Amino acid sequence: MEYQEWLKKKDLEYKEGILYYDNMDTQQLAKDYGTPLYIINEKLIRKRYNQLKVALNSEYKNNEIHYAVKANSNLAVLKILKSENASVDCSSVGEVYSCLKAGFPPDKIIYTGNMFTNEDLKFAVKNNVLINLDSISQLKRLVNIYDELGKKKNAISFRINPEFGAGHHSHTITAGKDIKFGILDDQVVEAYSQAKKYGFEKFGTHIHIGSGILDPSDYEKAINKYFTIIMNLADTLDITFEFIDFGGGLGIPYKPEQEPLNLRQYIQVIMNQFEKVIKREDFGGPTLKIEPGRFLVAESSIILTQINTIKDNGYKKFAGVDAGFNTLIRPTMYGSYHHIIPCKLTNGTTEQYDIAGPICESGDILGKARLLPTVHEQDYLAILDAGAYGFTMASVYNLRPRPPEILLINGKSYLIREGETFEDLFRLQKLPKHLKKV
Ligand SMILES: Cc1ncc(COP(=O)(O)O)c(C=O)c1O
């Protein structure tokens, strides 16, 4: 894909040398709100959701997209997706809480935790949220909680580990025998059989094999195995499924030379197996669910950062900026690539820089050996595709307060989260009496 077109797909465009995001001048936004600054593009979130929905609808209407909240849990993002009629996937009680707060009805929430505590389970049962268990051992504890609260057992689901994982980094591959998630093939019948004996009447199944997948064929082996397991389960235990969930993992093109995920091919890989279910009358047409996080929100956010220092150490050049791995940890944690571009193009020369954050660690490099038009101290840079696992993984390491988030829509910007202050960082700390007077 041609570079300008690649940018345009992310709603980015240079006009007379100035970078615009959703038709808004990024330099002006940096000046108005300060840096670092997370900017979220509402239109793009809606666009990605609808692209996916239309593609799914064209194959099977009884589908549900559960947005994986861990990617970006800002209330405005949740409300945008709620208004599109999305459902949600939560990985913690905190995320369930945020979705209830955003107004999602409980029946639109799936809670796929791992290493659940009894308190986690209790919160979900009290709030009528469907739980996707991660271990057989959690089932008895869950049943005790239903009994303790005097609640009727509702639907139950298990996360199945189909052993074939995929992903952009070993930390994001979530299936395989040595991976902590889900239950393996040889425990699946036992899990559902116990659930049936305990009185659950409605069932779902779930897999999530990893994150950042751009090649649809990476899903094939896992989904084939998944369906062998599902068919065996249905035949052995005589149960049907309310839903079959394929998890998330849909990648986005972080690099200009990458093509976007081919949605039609991705859905075809699912349908190749799902059609078996449609054909069987005794299955009764379960809901097909997917749980994308990154695909819906990654491209709909950039981080603006200002260069404070150009350092030439005689060996290489560093462009020192005010965003670091406290603002965006993916490059440090996964070696991930985020495209970084100037907010204002200068004519002529280009130079190679390492884009370095202010955190007191050598690993605080946001981009290595990047060829940029020559940049100067005080210039602004945009770090692209920061909407997924950006703010949600941000920290206050080195006591740097987390930056504000703004939302762009219809030519206007709205502050949707204030930047933290130093006082915010100390708000919850308490000193014992003997240290107060020191
Ligand atoms: C259970 C589950 N579902 C969905 C997702 C979303 O993944 P992605 O953002 O890659 O689509 C994750 C991510 O870790 C997950 O653990």
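Two strands pair if DSSP finds at least two bridges between them. With that in hand, the C-terminal hairpin of this predicted model is a convenient place to begin. Strand β20 (residues 405-409) and β21 run antiparallel and are joined by five bridges, and in this pairing I409 stands opposite K412 of β21. The hairpin has two residues between its strands, and N410 takes a positive phi near 50 degrees there. Strand β21 (residues 412-417) is hardly covered, as the count of buried residues among its six residues is zero.

Both strands of this hairpin return in the contact between the domains. The domain assignment gives domain 1 (3-33 + 300-426) and domain 2 (42-297). Their C-alpha centres lie 33 Å apart, and 24 residues of domain 1 are in contact with 21 residues of domain 2. On the domain 1 side of this contact, α1 (3-9), β20 and β21 each supply at least two residues. The largest share there, four residues, comes from β20. By residue type, the side of domain 1 that touches domain 2 divides into 11 nonpolar, eight polar and five charged residues.

The nonpolar core gives a second view of how the domains meet. The largest such core holds 116 residues, of which I39, L304 and I383 touch the most other members. Helix α9 (residues 220-237) provides the largest share of this core, seven residues. Domain 1 and domain 2 both give residues to this core, so it lies between them. In general, nonpolar side chains of soluble globular proteins tend to be buried together. Beyond its neighbours within four places in sequence, L304 is in contact with T26, L29, A30, T35, P36, L37, I39, C343, Y380 and A382.

Two of these contacts of L304, T35 and P36, also share a backbone feature. The peptide bond from T35 to P36 is cis, with omega near -5 degrees. P36 has its place in the loop between α2 (26-33) and β4 (37-41).

A small sheet is found close to the start of the chain. Its three strands form an open sheet in the order β1-β2-β3, with antiparallel pairing. The edge strands, β1 (12-15) and β3 (24-25), each pair on one side only. Four bridges link β1 to strand β2 (residues 18-21) in the antiparallel sense, and Y20 in β2 is the bridge partner of E13. The loop between β2 and β3 contains N23, whose phi is near 65 degrees, a positive value in a residue other than glycine. N23 is exposed, with 12 other C-beta atoms within 10 Å.

A further asparagine, N128, has a positive phi of about 55 degrees although it is not a glycine. N128 is found in the loop between α6 (118-126) and β8 (130-133) and is exposed, with 12 other C-beta atoms within 10 Å. G94, by contrast, is partly exposed, with 13 other C-beta atoms within 10 Å. This glycine belongs to helix α5 (residues 93-101). The C-alpha atoms of G94 and F123 are separated by 10 Å, although the two residues are 29 residues apart along the chain.

Finally, the ligand has 19 residues around it, and A68, S211, G248, G293 and R294 come nearest. The shell around the ligand divides into six nonpolar, nine polar and four charged residues.

Methods
Residues are numbered from 1 along each chain as its sequence is written. This is a predicted model: local features need pLDDT of at least 70, side-chain atom pairs count only at pLDDT 80 or more; totals for chains, interfaces and linings use all residues. A nonpolar core is a set of buried Ala, Val, Leu, Ile, Met, Phe, Trp, Tyr and Cys residues joined through C-beta atoms within 7 Å. A residue is buried if 20 or more other C-beta atoms lie within 10 Å of its own, exposed if 12 or fewer, and partly exposed in between; C-beta atoms are placed from the backbone. Domain bounds come from an automatic or database domain assignment. Two residues are in contact if their C-beta atoms, placed from the backbone, lie within 7 Å. A residue is near a molecule or strand if its C-beta atom, placed from the backbone, lies within 6 Å of it. Ala, Val, Leu, Ile, Met, Phe, Trp, Tyr, Cys and Pro count as nonpolar, Asp, Glu, Lys and Arg as charged, and the others, Gly among them, as polar.
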